[in-house]
Amino acid sequence: MKKKLAVLLLAACLFTACGANSKITTGNKPLSDAVYSNEQVSLAAYTGLKAEKKDYIVTDDAVNNAIHEALLEYAEYKPVSRASKNGDWVYTDFKASIDGKTAVSDSDYEIILGAAEFGEEFDKKLTGVSIGDSLNFSLDYDSEYTDVEWAGNTVDFEIKINDIHEEILPDATDSFIKENTEYSSYEDFTNAMRKSVTDMYAEESTNELQEELLQQVIDSSSILEYTQEEYDAARNTIESGYMSYVDMFGFESLDALYESFEMTDEDVEDEIQSVLYRTIVLDAIVQSEKLSLSDEDYEDGIVYYMDQYDYDSKDEFLDDYGEDEVRRQLTEDMVLNFLVNHADVTEVEAEYEDE
């Protein structure tokens with residue numbers, strides 16, 4: 001997964017002092033072997049850390065999926081009278097309920113078999129059905145399921161099959177590719193899709209390594225104190241993130257969402273502390289190493305993030321994120337790259353798991 005710039009920018013306290021403010025002490029003791037200390041943190045060693053970097057295997061299936069996704073722009077959809085199969089678009093009267101309360105209801109809901117929008121087991125239930133069929137079944141969703149309302153619950157489905165369409169992709173000949181894409185042949189197109197998957201895997205592997213190294217430092221360091229303002233900024237970061245789910249799924253309040261997700265006050269507090277401690281440790285490494293963002297680093301960083309988030313205008317990009325926030329994110333990137341460059345990293349092959 002790519003970093004989300006708007007989410008990772010941790011409000012106004014990141015890499016800056018938050019001003020005179022009431023202080024909260026943690027009761028933790030300073031480290032006897034700290035490599036750097038200030039009023040807030042006794043920092044553990046952050047160089048020479050050991051970690052594994054996953055070298056994700058780029059499979060033919062992954063490349064074929066990327067090709068398929070790219071060709072969808074040119075796909076046609078043909079009604080069929082046969083039973084449904086993988087890849088079909090199934091149009092339904094759709095109702096999903098939890099404990100008798102309707103969670104989703106739609107008279108023209110489309111389901112792509114194989115996309116696993118509601119999980120692989122759900123797709124299996126709708127494979128082999130015909131127009132006019134009615135289905136009633138229940139599925140259990142674990143606590144890690146992406147839909148916070150469904151996570152940890154049993155969902156009851158009532159589905160009527162209204163129509164089935166077959167997805168027909170174009171014959172990706174050299175002439176078709178040359179006429180419809182920026183590539184001169186199907187081979188060039190395939191190679192570009194393979195490179196796209198390879199680059200995506202490499203970026204995700206690097207992000208995972210960076211976060212693992214940073215977490216090692218956080219876990220080994222001793223946080224001594226922080227200000228109320230810093231704590232409130234971290235809490236706001238967490239609450240703002242969850243509020244998007246409140247709006248998306250129609251919860252009455254943030255507390256209602258927490259209750260549905262079976263999150264206790266202690267769980268929320270742990271997340272707040274995680275954001276807070278991350279900020280403090282990142283700031284301490286900046287101070288310890290006297291890291292600073294050069295004008296060249298800043299301009300290069302803007303170009304990088306504009307490309308990542310499909311911006312053509314620098315002014316529009318900075319209007320959306322703000323110069324201060326972009327500088328903070330780029331400074332965080334600098335710290336994370338420093339950790340990787342000064343770590344003892346072993347590369348290991350791994351299978352990529354698409355969440």
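**Close-up 1. Ser42 meets strand S10 in a predicted model.** The bridge partner of Ser42 in S10 is Ser222. The structure shown is a predicted model. Strand S3 covers residues 41–43. S3 and S10 run antiparallel and are joined by 2 bridges.

**Close-up 2. An open sheet of 3 strands.** The strand order is S2-S3-S10, and the pairing is antiparallel. Strand S2 (36–37) and strand S10 (222–223) each have a single partner strand, so they stand at the edges with one side lacking a neighbour in the sheet. Helix H8 packs on this sheet. H8 touches S2, S3 and S10. The direction of H8 makes about 60° with that of S3.

**Close-up 3. Helix H8 and the residue that follows.** H8 spans residues 265–289. The helix has 25 residues. From its first C-alpha to its last, H8 reaches 36 Å, close to the 36 Å expected at 1.5 Å a residue. Just after H8 comes Lys290, which takes a positive phi of about 55°.

**Close-up 4. Glu166 and its contacts.** Glu166 lies in strand S9, which holds residues 154–168. Is Glu166 buried, partly exposed or exposed? Its relative accessible area is 25%, so Glu166 counts as partly exposed; buried would mean under 20%, exposed over 50%. Leaving aside residues up to four places away in sequence, Glu166 touches Glu76, Tyr77, Lys78, Val80, Arg82 and Asp88.

**Close-up 5. Glu166 and Leu71.** These two residues are 95 residues apart along the chain. The C-alpha atoms of Glu166 and Leu71 are separated by 15 Å.

Key:
Residues numbered from 1 in each chain as written. Predicted model: local features only at pLDDT ≥ 70, side-chain atom pairs only at ≥ 80, totals over all residues. Heavy atoms only, no water. Pairing = 2+ DSSP bridges. Helix = DSSP H or I, 4+ residues; strand = E, 2+ residues; numbered from the N terminus. Contact = heavy atoms within 4.5 Å. Axes fitted to C-alpha atoms, helices over the stretch in contact; angles between N-to-C directions. Expected span 1.5 Å × (residues − 1). Buried < 20%, exposed > 50% of the residue type's maximum accessible area, 1.4 Å probe, protein only.
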